[in-house]
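Below is a report on one helix pair and on the surroundings of a DNA strand, with the structure shown first.

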Amino acid sequence: MPELPEVETYRRFLDEVVLHQPITAFEVRDAHVLGTDEETLRQRLVGQHVTGTRRIGKNCFLELSDGSALALHFGMTGDVNAYRHDHDAPRFTRVALHLADGMRVAFIDPRKFGRIRHAESVDHYQKDKRLGPDALEVTATHLQQRIGTKKMMIKPLLLDQGITAGLGNWIVDEVLFQARIHPERRGNTLTTKEFTALHSAIQLVLSTAIGHEATYRHFPASFLIHAREWDDSATPGTEQHRFCPRHPKTEIEKSYVGGRATYICPRCQPAPIEAE
DNA sequence: CCTCATGTTACTCC
DNA sequence: TGGAGTAACATGAG
């Protein structure tokens with residue numbers, strides 16, 4: 001479920017497993033996830049080692065000893081893990097990096113929307129993909145400059161990786177709930193105060209999620225995420241999770257905004273007045 | 001059988 | 001050019 005917090009968790013994991021180990025082989029089990037030609041990747045990887053890891057939004061980078069980088073994007077279902085023996089390779093392993101110490105790093109992706117690419121540098125990739133600044137780095141002023149002039153709805157604007165990188169569907173819902181802003185508000189109707197609230201909410205949600213290593217059921221009860229259908233923290237039958245954390249009698253509403261499933265509290269997040 | 005899904009991109013049309 | 005809407009991608013889960 002790779003949004004920014006998951007990808008940050010993956011990055012930290014990779015940082016512990018892969019650093020400074022020479023890469024001995026590049027194993028491709030399903031070339032569908034390759035965004036760069038297999039032979040090119042093999043040639044650029046084998047014999048080198050990873051000098052550091054980076055992350056911009058939902059993209060994770062392994063920086064290589066020649067200054068170039070391996071860029072990992074996890075799509076909707078991507079994951080990483082490590083194993084030692086071929087028969088222990090996780091289900092849906094699509095690609096594996098073999099390391100000199102015998103460890104193998106699996107790029108796992110059931111749905112195969114993820115991609116592995118080679119980039120001349122992280123900066124090069126960021127420009128190429130038109131990635132905005134990472135959501136943890138972004139300022140309230142930047143948000144106001146990039147969003148405050150747009151007529152589009154705030155939810156799709158926050159999902160736009162070119163404005164700020166790393167916010168995905170559930171995080172945007174959580175951020176808007178914490179900031180008490182309705183997802184269909186137009187960018188150019190938000191006040192400076194609301195941009196400040198947005199910025200704080202982004203910090204709160206991301207730092208909380210990273211702090212819990214993106215394990216949703218450990219999130220505070222004040223979070224909207226517990227209302228999402230796939231949240232398993234609610235005891236079946238209690239239906240507590242269907243209500244707003246701040247308004248125990250107000251039911252969380254599900255709708256579609258910009259084609260994406262969207263959850264709001266109608267009391268915390270008043271709908272914009274349809275006019276003008 | 002059917003519907004839905006955390007992301008991204010490429011189209012269409014106005 | 002901007003913006004809205006939609007399909008497509010590939011597959012598992014319920």
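The crossing of α6 and α7 is right-handed, a crossing being called right-handed if the near helix is turned clockwise from the far one by less than a right angle, and left-handed if anticlockwise. The model is predicted, so that local features need pLDDT of at least 70 and side-chain atom pairs count only at pLDDT 80 or more, while totals for chains, interfaces and linings use all residues. Residues are numbered from 1 along each chain as its sequence is written, chains are lettered from A and ligands numbered from 1 in the order written, and side-chain values use heavy atoms, without hydrogens and water.

Helix α6 (residues 169-179) and helix α7 (residues 192-211) pack at about 130°, with their axes 8 Å apart. They are therefore oblique to each other, oblique being what remains when angles under 35 degrees are roughly parallel, over 145 roughly antiparallel and 65 to 115 roughly perpendicular. Among the residues that make the contact (heavy atoms within 4.5 Å) are W170 and I171 of α6 and L198 and I202 of α7.

Around DNA strand C, the nearby residues (a heavy atom within 4 Å) include F92, K150 and R186. Sugar and phosphate account for 61% of the atoms of DNA strand C that come within 4 Å of the protein. The table lists polar contacts, which are pairs of N or O atoms within 3.5 Å.

| Side chain | Partner in DNA strand C | Distance |
|---|---|---|
| H32 | phosphate oxygen | 3.5 Å |
| R111 | base nitrogen | 2.5 Å |
| K112 | phosphate oxygen | 2.3 Å |

Terms used: Axes fitted to C-alpha atoms, helices over the stretch in contact; angles between N-to-C directions. Helix = DSSP H or I, 4+ residues; strand = E, 2+ residues; numbered from the N terminus. Polar contact = N/O pair within 3.5 Å; in protein donor to acceptor, adjacent residues only side chain to side chain.
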